[in-house]
Amino acid sequence: MKKTICKKEYDTATGTLIKKYTCGFFGDPKGYEESLYQTPDGFYFLYVYGGEASIYPGEDILRIGKVKASEWLENH
């Protein structure tokens, strides 16, 4: 998936996957996945995907800063 946020492109195809977190099971309408990526330029983003009743209904890319990325890694 690719998304432009504030004129910066975030792309799962060119980013480096750091860690993936899964909550629930395949087909669970409340289940979701969060994947932390780093761009070639050193920026961080979360690729999120979930069931229709989850906190991420559908798929999206959310940009996050270095501090938030570190906190996410500590908690997942």
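Begin by selecting Tyr10, Tyr37 and Phe45, which ring pairs link into a cluster; bear in mind throughout that the model is a predicted one. A search of the whole structure finds four aromatic pairs, and two of the contacts in this cluster can be visited in turn.

Keep Tyr10 and Phe45 in view for the first contact, an edge-to-face aromatic pair with 5.5 Å from centre to centre and 70 degrees between the planes. Colouring by secondary structure shows Tyr10 in strand β2 (residues 8-11) and Phe45 in strand β5 (residues 44-50), so the pair ties together parts that are 35 residues apart in sequence. If you display the surface, expect Tyr10 to be buried, as Phe45 is too.

Now add Tyr37 and turn to its ring beside that of Phe45: the centres lie 5.1 Å apart and the planes are at 5 degrees, so this pair is stacked, planes under 30 degrees apart being counted that way. Tyr37, like Phe45, is buried.

From Phe45, widen the selection to the sheet that contains β5, an open sheet of four strands in the order β3-β4-β5-β6 with antiparallel pairing. At its edges are β3 (16-23) and β6 (58-64), each of which pairs on one side only, while the twist from one strand to the next averages 20 degrees.

Finally, select β5 together with β6, which run antiparallel and are joined by six bridges. Which residue of β6 stands opposite Leu46? Showing the side chains here, you will find that Leu62 is the residue of β6 facing Leu46 from the opposite position.

Notes: Residues numbered from 1 in each chain as written. Predicted model: local features only at pLDDT ≥ 70, side-chain atom pairs only at ≥ 80, totals over all residues. Heavy atoms only, no water. Phe/Tyr/Trp six-rings, centres within 6.5 Å; stacked < 30°, edge-to-face > 60°. Helix = DSSP H or I, 4+ residues; strand = E, 2+ residues; numbered from the N terminus. Buried < 20%, exposed > 50% of the residue type's maximum accessible area, 1.4 Å probe, protein only. Pairing = 2+ DSSP bridges. Axes fitted to C-alpha atoms, helices over the stretch in contact; angles between N-to-C directions.
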